[in-house]
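Hi,

Here is the structure I promised to pass on. Have a look at it first, and my notes on what turned up follow below.

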Amino acid sequence: MLQRFETLNAASREPCRHLHWVLGDQLSATDLFATGFDPKWDWVLMVEAKAESTYVWSTKPRTLMFLAAMRHFADELVATGVRVLYQRLDAPDHTGTLLGELERALVWLKPAALHLIEPGEWRLRAEISAIQSVPMTLHEDPHFLCSHTQFAAHANGRKQLRMEYFYREMRVRERVLISKDGKTPEGGAWNFDHDNRGSFDARGPGLVPPPTFVAPDATTLAASAAIAAVLPDHPGHTEHFAWPVTRAQALESLDRFIRQRLPLFGQYQDAMWTGETWLYHSHLSAALNLKLLNPREVIAAAEAAYHRGDAPLSSVEGFIRQILGWREYVRGIYWRFMPEYLDRNALAAAEPLPAWYWTGNVSMRCLSDVITQTLQHGYAHHIQRLMVTGLYALLLGVDPKAVHAWYLAVYVDAVEWVELPNTLGMSQYADGGGMASKPYIASGKYIQRMSNYCTNCRFNPALASGVKACPFTTLYWQFIDRHRDMLAANPRLAMQVRNLDRFSDDALAAIRDRADAIRRSGGQPP
Ligand code: FAD
Ligand code: SF4
């Protein structure tokens, strides 16, 4: 029988054997049925809760991504006969929290047992694990290719974890881009970085095939209205929201990426250009993280394009490395080192996050472009996150927890298991090298090489001091100055320390003065 209750106060009710709680980033019917869900006897619970958007200051596009996808998923379940108890964000009787609504659902439906797939966040897992009021089964998440046990087997006994070795193991185990001997990489190399990482010439990217934009339907518009009512002061805008929010839309998005943008993905994966948000990236992270897509099907689609001759190996390997390598690896890091990972601050960074990270209202062109795009779409590609917003926070010395709270709040794909290691580890080096072998530092010249942002900026990336100096360049040299001992001990960065040593005392003093002035004026150059 088809039934859907919008609030927990609905009058009618049918018996419930087991209650299967589906969290907002677990929108896969396959995964639900894999946990033993039987529509004949069992119910699904889904809850939108204000507290999930307020414990970090979640932007409107990010919250809308979750709510729109959840509502569509619930509708799809109901259409196939599943009984769904659904609590909306703007329900008048809402307790405001996930656990508050769960307790009410348990009282109302009196299930004999509660089932759910493990949450993707340590905080929620700890809260849920403490539930005593009903027998509960927490299922391992079947979405990932590397289980907790498999990651432990990879990590145990290693002094240092590195994505590259993990990735090679995954390639062999999953037989992805592997030769017939089952051991050697397709094309004779594990990566083709020398063919990738290009930038655009002065003409820019030209016409890039656009991603799949989905006009918001009534369901998405209703979710957007609920956000406007309940979270009016949250940052970001929903007018531009056009993300795929159903599995069918996500599959269409995957197909279009494979056909139209994958061939040039590798070559331009690090490139940036003013006003060009989408470029040759896949924009599949939110669909993957909310489980609308399975990583296995995404990897298989990319590999098949290579075997058909539709995309070069350099692009296909570069793309698969992100999903089979980085995505699985950061999840392994997260669960292995949480909860103490969250408190790491290896560089003792303590500056506040500049207020303009929440508005984009800043005179540095690269930052204003990337933050504005982020607040409009909830999206920036990897190099924009790592080498613009992340790099600036690192050079400025911002408290890594504040940086983490920002990244978790602003992107439509942000779930803590993937966001935290990328932010705290890869971008801010707060884990002291657990994720990355060196801090990702660069001067404004890197941004100049990879984009056209500097062309229209009032600062000069070649200058390290003075009012026209690019703040990235000033803070880069001052970062090396501040962390000289740590950097000199790293063979990959010792050269940069030697370069600093060539500066005259006066030049160094001018850099320090300028860096101090930038910090005094809230990270915005005076
Ligand atoms: P593409 O460039 O098309 O890459 C393909 C896919 O590979 C992505 O969809 C994603 O699923 C995966 N991927 C790529 N890089 C990574 C990575 N470093 N770690 C894990 N998966 C990766 N990714 C998130 O999904 N959620 C986050 O909250 C998040 N926060 C980040 C914070 C910082 C500071 C940094 C530096 C990176 C972060 N990333 C995060 C990783 C990466 O930037 C995004 O996955 C990517 O930009 C999403 O865009 P896309 O789908 O177009 O990716
Ligand atoms: Fe960014 Fe510096 Fe280039 Fe300006 S000059 S766009 S601040 S890197």
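Please keep in mind that this is a predicted model. To begin with the cysteines: the count of disulfides comes to 0, because no pair of cysteine sulfur atoms lies within the 2.5 Å that a disulfide requires. Two cysteines are worth a look all the same. C454 is buried, with a relative accessible area of 18%, and C470 is buried too, at 8%.

Both of them belong to the surroundings of ligand 2, which also include C366, C457, M364, R365 and F472. By class, that shell has 10 nonpolar, 1 polar and 1 charged residues. Ligand 2 sits in the second largest cavity, and the elements giving two or more residues to its shell are α13 (365-377) and α17 (444-450).

The second largest cavity has a volume of about 100 Å³. It is lined by 13 residues, of which C366, C454, C457, C470 and F472 are the closest to its centre. At least two lining residues each come from α13, α17 and α18 (471-482). The lining divides into 11 nonpolar, 1 polar and 1 charged residues.

Across the whole structure, the search finds 4 cavities of 30 Å³ or more. The largest holds about 410 Å³ of space, and of its 26 lining residues G24, D25, E52, R62 and F66 are the closest to the centre. Its lining takes its largest share, 5 residues, from α3. By class, the lining of the largest cavity has 15 nonpolar, 5 polar and 6 charged residues.

Best wishes

Conventions: Residues numbered from 1 in each chain as written. Chains lettered and ligands numbered in written order. Predicted model: local features only at pLDDT ≥ 70, side-chain atom pairs only at ≥ 80, totals over all residues. Heavy atoms only, no water. Buried < 20%, exposed > 50% of the residue type's maximum accessible area, 1.4 Å probe, protein only. Near = heavy atom within 4 Å. 1 Å grid on protein atoms, 1.4 Å probe; cavity = no way out; pocket = protein on both sides within 12 Å on 5 of 7 lines; lining within 4 Å. Sits in = over half its atoms within 2 Å of the grid points. Helix = DSSP H or I, 4+ residues; strand = E, 2+ residues; numbered from the N terminus. Nonpolar A, V, L, I, M, F, W, Y, C, P; charged D, E, K, R; others polar. Points joined across faces, edges and corners; volume = space filled by probe spheres on them.
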